[in-house]
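The following exercises concern a protein model and are each accompanied by a worked solution. Please examine the sequence and the coordinates before reading on.

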Amino acid sequence: MSRLRVLKRVGLLAAIVIALILPLIAPDPSTTNLAVFTVMYIGLATSWNIMGGYTGYISLGHAAFFGFGAYSLGLLSNHLNVAPGYAPFLLVPVAGVISGLVAVLIGWIALRTRAATFVIVTIAFMFMGQLLAENLVKLTGGGAGLGFPYPQQWGGDFYNTPFYYAMLALAFLALATSWTIRRSKFGLGLLAIRDDEDKALAVGVPTRRFKLAAFTISAIPVGMIGAVYGYYVTYVYPQFVFDPLIGISMVLMVFLGGLGTLAGPVLGALLLEPAQLQFAYRFGASRLYLVFYAAVFLLVMLFLPRGVVPSVQELLQRRRQELASP
Amino acid sequence: MSLLEVSHLSKRFGGVVAVDGCSLSVAEQSITGLIGPNGSGKTTVFNLVTGFIPPDSGEVRYKSQAIGGMGPDRIYARGIGRTFQLARIFPRLTTLENMLVPVRRAGLRALLSHGQWGHERDRAMQMLEFMEISHVARTLAGALSYGQRKLLELAAVMMARPDLVLLDEPAGGVNPALLEKIGGHIHELNRQGVTFLIVEHNMGFVMNLCHQVVVLHQGRAIASGDPKTVRQNPAVLDAYLGA
Ligand SMILES: Nc1ncnc2c1ncn2[C@@H]1O[C@H](COP(=O)(O)OP(=O)(O)OP(=O)(O)O)[C@@H](O)[C@H]1O
Ligand SMILES: [Mg+2]
């Protein structure tokens with residue numbers, strides 16, 4: 001058992017080192033671009049998991065926070081005349097705070113519902129965000145989109161690198177948050193809510209406050225990641241950041257990797273995002289990759305309903321027991 | 001001194017009057033039984049006292065303070081714990097994790113720290129040992145037998161040191177050997193100062209354990225007193241014979 005633990009530690013360390021030096025060993029833009037998006041989804045899926053996995057409230061509208069984050073950063077840097085370069089990154093936490101405030105508002109209403117109703121309400125809020133971005137033309141530019149500062153000075157191979165590290169930092173933040181919560185009494189309360197919300201109330205878990213806190217905590221990194229995304233692509237449109245597909249992607253990754261686990265969302269993003277980018281690249285804008293997504297979703301639900309990580313854990317456990325009792 | 005004072009409590013569900021002007025009191029340090037035929041409103045009284053459903057009228061006082069209108073979590077924080085008629089545990093948490101869920105004081109430091117668990121964990125293990133289920137501490141609670149779940153539910157409720165515990169049929173669906181154990185645990189916890197209000201159909205269990213018994217019939221308390229006297233009360237006999 002301790003050998004497995006050593007192996008796990010070494011693997012983790014190796015993964016961190018590789019993540020940190022990736023732009024040095026594979027500097028070509030197509031690879032770093034892939035890395036930016038994959039790490040982005042690691043962060044998104046990990047954050048979503050705090051609400052969806054731990055608390056069991058499936059939000060299909062988390063793209064709302066992605067959109068609010070992106071628009072917040074774009075508008076702030078335009079209005080404050082922030083110079084392109086590293087400066088806009090300094091505003092990313094502000095975008096996170098704004099998304100967090102939006103989450104408090106949305107959560108305050110949406111969390112009056114449970115189960116399927118909650119799912120629908122979150123989708124509705126996501127589309128309301130999209131409508132706001134489209135219709136507040138004076139503020140957001142409406143359907144014509146919103147431009148960000150463009151860091152021309154980062155030419156060539158280097159261009160993607162700052163964005164990669166920004167996404168990586170946010171992914172680490174999300175993972176650290178998720179890990180801390182999982183080990184805390186607060187996290188245990190969230191898992192209790194997932195298992196039996198009324199019983200949790202009966203043993204003193206302040207369920208409303210806990211759910212709202214989890215919802216907000218899971219929205220903040222999503223907002224920050226949306227902000228970095230907007231800056232990365234330099235131009236955003238309402239329907240491409242308040243995008244239901246972004247919301248569904250994070251959910252699918254978590255389900256594939258393992259709902260409510262720490263490693264699951266990471267694994268899900270590592271498996272799905274490169275595949276999705278490949279599909280998008282091969283079949284262009286046809287969004288044919290949606291078929292692929294649907295197929296993956298079906299397969300996961302049918303054969304791995306609990307996701308990869310819990311299934312593998314179970315397998316290992318069984319092997320260990322077999323070895324222990326010959 | 002009465003720890004819990006219920007006065008003129010009423011609750012109707014559509015056409016059904018589940019609790020109808022019910023008044024009862026639970027003396028401090030006592031084990032009080034709440035008995036009555038099926039559908040007489042016992043579980044509904046529990047739900048009203050613990051804040052799970054709001055009463056139509058009437059008042060609940062605990063330690064002389066009105067607790068009506070408070071949510072279940074706040075009532076638990078005040079020191080009233082409860083179990084459910086069909087044992088409810090968190091199936092995808094381990095037995096030990098189940099023990100650590102209860103929250104009495106939700107300070108931010110306490111909620112986010114991991115270090116403070118050492119002490120709480122020790123207490124949880126002690127309690128599991130007391131209930132004789134410490135050997136399944138690391139088992140998922142969903143894999144426990146029904147009897148073990150009953151013990152776990154009782155053990156977990158005790159974690160936040162409640163002063164009053166409402167047990168809804170602690171002996172329901174439990175074999176005689178375990179029944180005796182549960183009775184022993186309740187007796188011992190009571191000796192340590194915990195007050196109990198117990199709904200139970202098993203009369204032997206009630207007569208053995210309870211100092212006081214309240215009889216509910218069609219949502220009203222029709223008799224109360226020490227077990228032997230209540231048992232011979234004609235109104236009670238009538239209620240049970242379905243008059
Ligand atoms: N949530 C509810 N909605 C509608 N009717 C209810 C509800 N809860 C209880 N009742 C009704 O109220 C009455 C009292 O039910 P309650 O569960 O309190 O009885 P009880 O004394 O606990 O019975 P038992 O011994 O069978 O557990 C019953 O007629 C029941 O059908
Ligand atoms: Mg009942």
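**Exercise 1.** How many residues does the contact take from chain A, and how many from chain B?

*Solution.* The model is a predicted one. Chain A contributes 22 residues to the contact and chain B contributes 25 residues. The next step is the area: about 2,400 Å² is buried between chain A and chain B, and carbon and sulfur atoms give 64% of this area. Of the area that chain A buries against chain B, 30% is supplied by Lys185(A), Leu188(A) and Lys199(A), more than by any other three residues.

**Exercise 2.** Determine which polar and charged pairs join the two chains, and which helices of chain A take part.

*Solution.* Begin with the general principle: side chains of opposite charge can pair when their charged atoms come close. Between chain A and chain B the count is five salt bridges. In one of the salt bridges, the side chain of Lys199(A) meets that of Glu153(B), at 3.2 Å from N to O. Next, eight residue pairs are found in polar contact across the interface of chain A and chain B, both residues being at pLDDT 80 or more. On the side of chain A that touches chain B, at least two residues each come from α8 (160-183), α9 (185-195), α10 (197-202) and α11 (207-233) of chain A. The most is given by α9(A), with seven residues. By class, this side of chain A comprises 11 nonpolar, three polar and eight charged residues.

**Exercise 3.** Which residue forms a salt bridge with Arg114(A)?

*Solution.* The whole structure holds 17 salt bridges over all chains. In one of them, Arg114(A) pairs with Glu197(A), with the closest N and O atoms 3.5 Å apart. Arg114(A) lies in the loop between α5 (92-110) and α6 (115-135) of chain A, whereas Glu197(A) lies in helix α10 of chain A. The pair therefore links distant parts of the chain, 83 residues apart.

**Exercise 4.** Are α14(A) and α15(A) roughly parallel or roughly antiparallel to each other?

*Solution.* Helix α14 (residues 263-283) and helix α15 (residues 289-303) of chain A pack at an angle of about 150°, their axes being 9 Å apart. Angles over 145 degrees count as roughly antiparallel, and α14(A) and α15(A) are therefore roughly antiparallel to each other. Among the residues that meet are Phe279(A) in α14(A) and Phe292(A) in α15(A). The contact of the two helices has eight nonpolar, one polar and one charged residues.

Technical notes:
Residues are numbered from 1 along each chain as its sequence is written. Chains are lettered from A and ligands numbered from 1 in the order in which they are written. This is a predicted model: local features need pLDDT of at least 70, side-chain atom pairs count only at pLDDT 80 or more; totals for chains, interfaces and linings use all residues. Side-chain values use heavy atoms; hydrogens and water are left out. Axes are lines fitted to C-alpha atoms, for helices over the stretch in contact, and angles run from 0 to 180 degrees between N-to-C directions. Helices (H or I, at least four residues) and strands (E, at least two) are DSSP runs, numbered from the N terminus. Angles under 35 degrees count as roughly parallel, over 145 as roughly antiparallel, 65 to 115 as roughly perpendicular and the rest as oblique. Contact means heavy atoms within 4.5 Å. Ala, Val, Leu, Ile, Met, Phe, Trp, Tyr, Cys and Pro count as nonpolar, Asp, Glu, Lys and Arg as charged, and the others, Gly among them, as polar. Buried area is the accessible area (1.4 Å probe) that two parts lose on being put together, summed over both. A salt bridge is a side-chain nitrogen of Lys or Arg within 4 Å of a carboxyl oxygen of Asp or Glu. A polar contact is a pair of N or O atoms within 3.5 Å; within protein, one must be able to donate a hydrogen and the other to accept it, and residues adjacent in sequence count only if both atoms are side-chain atoms.
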